[in-house]
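Subject: Structure for your files, with notes

Dear colleague,

Please find below the structure I promised to pass on, and after it my notes on what was found there.

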Amino acid sequence: MKRYVIDTGVLMLFFAGDERVRPYFEEIDRGAAVGLISCANLAEFYYKVCETLGKDVAELRCYRLLASRMEVIPLDRELALEAGRLKCHHRKLSLADCIALALAKAEGAVLLTTDRELAKVREVSVRLFEV
């Protein structure tokens, strides 16, 4: 079964109604693919939505994600160490991006991102959505 790790930028695109990302979310909702979000990306998403649209909207959108088929993956020891290793190697990436990258690597998943630097990595398959 296909597996996707979804970064913060792609979550923002989805809630903005971007048609390019809709098929991936529909695939996950149908159970035809697994959607994974790191807890770091969920926190970053909450923060960014709260910053622009307020706390109530951030709460609503995060609870919608939590009620969906998306799996929010906690940061355990192995994922944290791999994210740290990746951050040492990819200094231009944020720590949240390195956590998403480590998760995609561990799960053999395609990483869906809006980040051009993240799209340059070779460790996993990446699908870039230009913004």
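The largest nonpolar core, meaning a set of buried Ala, Val, Leu, Ile, Met, Phe, Trp, Tyr and Cys residues joined through side-chain atoms within 4.5 Å, has 21 residues, and those with the most contacts inside it are Ile 6 and Leu 65. Two or more residues come from each of β1 (2–6), α1 (8–15), α2, β2 (33–38), α3 (39–53) and α4, and α1 gives the most, with four residues. Apart from this core lies another, of 20 residues, among them Val 34, Ala 83, Ile 99 and Val 124. Buried here stands for under 20% relative accessible area, exposed for over 50% and partly exposed for what is in between, with a 1.4 Å probe and protein chains only.

The model is predicted, so that local features need pLDDT of at least 70 and side-chain atom pairs count only at pLDDT 80 or more, while totals for chains, interfaces and linings use all residues. Residues are numbered from 1 along each chain as its sequence is written, and side-chain values use heavy atoms, with hydrogens and water left out.

Leaving aside neighbours within four places in sequence, Ile 6 is in contact (heavy atoms within 4.5 Å) with Leu 11, Phe 25, Ile 28, Leu 36, Ile 37, Asn 41, Met 70 and Leu 112. Arg 64, in helix α4 (residues 55–67), is 58 residues from Ile 6 in sequence and 15 Å from it in space, C-alpha to C-alpha; with the same neighbours set aside, Arg 64 is in contact with Phe 14 and Phe 15.

Glu 27 sits in helix α2 (residues 22–30) and is buried, with a relative accessible area of 10%. Beyond its neighbours within four places in sequence, Glu 27 is in contact with Lys 2, Tyr 4, Ala 32 and Ala 33.

As for the chain as a whole, there are seven helices and five strands, where helices (H or I, at least four residues) and strands (E, at least two) are DSSP runs numbered from the N terminus. From the N terminus on, these elements run β-α-α-β-α-α-β-α-α-β-α-β. Buried residues make up 42% of the 131 residues, and among contacts between residues at least 6 apart in sequence, 58% join residues at least 24 apart. The C-alpha atoms fill a box of roughly 35 × 35 × 30 Å, taken along the principal axes.

With best wishes
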